[in-house]
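Dear colleague,

Please find the structure below, followed by an account of what was found in it.

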Amino acid sequence: MAFPLMMAVLHRMAVKSVESRILEIRGERVILDRDLAEVYGETTKRINQQVKRNPKKLPADVAFRLTQSETTEVVANCNHRSNGKYSR
């Protein structure tokens, strides 16, 4: 049984959930590893392991590490990051 209206509403909710996690860093639109893990229902550790183990599957510009000052700025400016690893 299909519920097109319900599916459309759920799709819009999912898109908004992802869009709300997109940040601009270094002039690029990015999603942090922690947020990507939540979207896919994985742990941050697992996402980072897969990136590390499969470097040829990802273009070089897809993943990069934040500098300490970028990390500090992200934590200071993002409410949804307030319970993250670096927010303590």
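On the outward side of helix α4, Gln 68, Ser 69, Glu 73 and Ala 76 are exposed (over 50% relative accessible area, with buried under 20% and partly exposed in between; 1.4 Å probe, protein chains only). Helices (H or I, at least four residues) and strands (E, at least two) are DSSP runs numbered from the N terminus.

This is a predicted model, in which local features need pLDDT of at least 70 and side-chain atom pairs count only at pLDDT 80 or more, while totals for chains, interfaces and linings use all residues. Residues are numbered from 1 along each chain as its sequence is written, and side-chain values use heavy atoms, leaving out hydrogens and water.

In the same helix, α4 (residues 68–77), Glu 70, Thr 71 and Val 74 are buried. Seen down the axis of α4, these buried residues fall within an arc of 100°, so they line one face of the helix (the arc is that of the directions from the helix axis to the C-beta atoms).

The whole structure holds three salt bridges (a side-chain nitrogen of Lys or Arg within 4 Å of a carboxyl oxygen of Asp or Glu). Glu 70 pairs with Arg 26, with the closest N and O atoms 2.8 Å apart. Glu 70 lies in α4 and Arg 26 in the loop between β1 and β2 (28–31), so the pair ties together parts that are 44 residues apart in sequence.

Arg 21, Asp 35 and Glu 38 are linked in a network of salt bridges. The N to O distance is 3.6 Å for Arg 21 and Asp 35, and 2.9 Å for Arg 21 and Glu 38.

Yours sincerely
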